[in-house]
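Got your viewer open? Here is a short tour, one selection at a time.

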Amino acid sequence: MNKALVIGIGNTLRGDDAVGHLVSEEVKGACPTGTIVLQKTGNGLDLLETWKGADLVIVVDAIRSGNTAGKIHFLDVNKGGPEWDLFGYSTHSVSLGEAIELGKALGTLPPKLFVCGIEGRSFELGMSVSAQVKEAIPRAVKLIVETLERRGHARSIPDEELNGTD
Amino acid sequence: MSKKEEKKPTKRTIQVKYLARVEGEGGLDVTVEGKKVKELALRIFEPPRFFEAFLRGRKYQEAPDITSRICGICPVAYQMSAVSAMESALHLKPENSIQQLRRMLYCGEWIESHTLHIYLLHAPDFLGFEGAIEMAKKFPEIVKRGLGLKKTGNSLMALLGGREIHPINVRVGGFYRAPSKQELSALVPELSSARAAAEETVHWVSKFSFPEYERDYEFVSLRSSDSVYPIERGQVVSTSGLSFSASEFDDFIKEEQVPHSTALHARLKGKPYLVGPLARFNLNFDRLSPSTRKLAKDIGFVPPINNPFKSIIARSLEVHYACDEALRIIFSYEKPNEPYSEATPRTSVGFGLTEAPRGLLYHQYKLDKDGIIEAAQIVPPTSQNLMTIEEDLKSFIEENSELSQKELGWRCEQLIRNYDPCISCSAHFLKVKWEEL
């Protein structure tokens, strides 16, 4: 069986940056047997090592791109990435975006790599997660579990399905 | 145009708003008139972090874990200087095998930190790439070698420290748990491969093209009384022959505030000085392992080296040494009877000095009778190098004023990166005085 990995990244002490960990925690109880679920700080070089040998990887992280808080972006990295500055919140060493670009350059990206980015509102010190981000958690979990069940064979997901109709 | 106006020297400015490929937040402003640098400020605007203040009132046992949070790249250095200071305060002398384990943990950090800097932050400067990603596109196998080498540093940190970043196994008096010989021996194959990769790294960087630039530096590093290269212990020595112990640090080295920086600037007897790999190498060449020394001689790299751009070679030789030293320690290791010894709190002052990857790291603590910290002082390597970096920049710009603005800006950034500055560390300090100008 191919190796599937879900990596929640972020900092649980920086407001909405905790969402990667919160989503991955929920995924643990709902994902197909054999899926490995990890929580990391988001050090890019660590990620390059962590996903080595995995066939299907889903990284969950908070993002800031100026969209409404709670909006989910689900990206198939091998089909072209976004502007990676979106993910440059890490203050130390190599960010997720840089890790992905470095992995591309080195030819070491997993064959199926998705990033589930959830738009955050506040990244201030503290453990409170904003209401809109909390509301996005079940939607993100559903999307990740479904992708795992499909073994990464992504389908086109309408935005309304990702983010509700409101 | 009048003759008077014609004579007026051209004025130009070099501004690097945000320094790339350094740890933390800083920038550079330079004003040059003709060939003279009129103003130069290495701006450090990383917010101050007040570690020395919030150590007050904490128990002596907490200092290693609290101070390790100053930096994600060199947490071991903070832990080692903290335990060294606390043990000097409390008259605790851990047995030799504990010292060896600490040294090995520190080797892990040197390998990890140095390799990150060599491959991802500094080498792109020499090869004309914007950054590591562009370099990886052209030289993927070289970057993979660097990442593999760095991973060996992580393995050492994980085994001895309990995890790769911010180790949790270090305590005053020793370790919470000491590994078995068998556990350490399992690292031998990986370390042996890393040593070979480190040798290739030395040959690789030694072939880079280096700007012709030298200055007479006052190099400062530790030097130990036994025959090993300075890492976790030793007496401070300098090029001009100064020699002093950790308890005399404050007599020789003073820190001062400058308006353009949230980091303090340090002076040795009133003058700038240089700490880090180049200083250690120049002052301790005879203490390198025989194989690292031979490697240095093979590439013609022997003291005195006064070109700061060549610090990348010294750094790569130290990676080789750290692999060598970790292997030596594994082969001679005997598990300690107890992983740590207990201390008895007393009213005291303790001093600790170790060699962080970037240079000397000083800790001083004042404890009350119950072992509660009453005062703390931390002097990281980057704030000791800041004045020297500014002087390098000034003289380099004046010597190379014919270069284009773009080329000069590029070289200035490269020059700053010679020191692998850790701005996050240097802005940890306590005394902040904001003045409206």
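## Inside chain B, then over to chain A

Let's begin with a wall: the residues lining the largest cavity sort into six nonpolar, four polar and two charged. Keep in mind that you're looking at a predicted model.

**Stop 1: the lining.** Select Leu274(B), Val275(B), Gly276(B), Pro277(B) and Leu278(B), which are among the residues lining the largest cavity. Now add Pro308(B), Ser311(B), Arg315(B) and Arg358(B), also part of that lining. Finish with Asn385(B), Asn418(B) and Tyr419(B), which belong to the lining too.

**Stop 2: the space itself.** How big is the volume of the largest cavity? It's about 80 Å³. In the whole structure there are three cavities of 30 Å³ or more.

**Stop 3: two helices.** Stay in chain B and colour residues 277-284, which are α11, and residues 311-332, which are α13. Each of these gives at least two residues to the lining of the largest cavity.

**Stop 4: chain A.** Switch chains and show the cartoon. How many helices and strands does chain A have? You should find five helices and five strands. Trace chain A along its sequence and you'll meet them in the order β-α-β-α-β-β-α-β-α-α.

**Stop 5: contacts and surface.** Chain A has 166 residues, and 51% of them are buried. Take the contacts in chain A with a separation of 6 or more: 78% of these are between residues 24 or more positions apart. Last, turn on the surface of chain A: about 7700 Å² is accessible, with 49% of that belonging to carbon and sulfur atoms.

Conventions. Residues numbered from 1 in each chain as written. Chains lettered and ligands numbered in written order. Predicted model: local features only at pLDDT ≥ 70, side-chain atom pairs only at ≥ 80, totals over all residues. Heavy atoms only, no water. 1 Å grid on protein atoms, 1.4 Å probe; cavity = no way out; pocket = protein on both sides within 12 Å on 5 of 7 lines; lining within 4 Å. Points joined across faces, edges and corners; volume = space filled by probe spheres on them. Helix = DSSP H or I, 4+ residues; strand = E, 2+ residues; numbered from the N terminus. Nonpolar A, V, L, I, M, F, W, Y, C, P; charged D, E, K, R; others polar. Buried < 20%, exposed > 50% of the residue type's maximum accessible area, 1.4 Å probe, protein only. Contact = heavy atoms within 4.5 Å. Areas by Shrake-Rupley, 256 points an atom, 1.4 Å probe, with all protein chains shown as cover.
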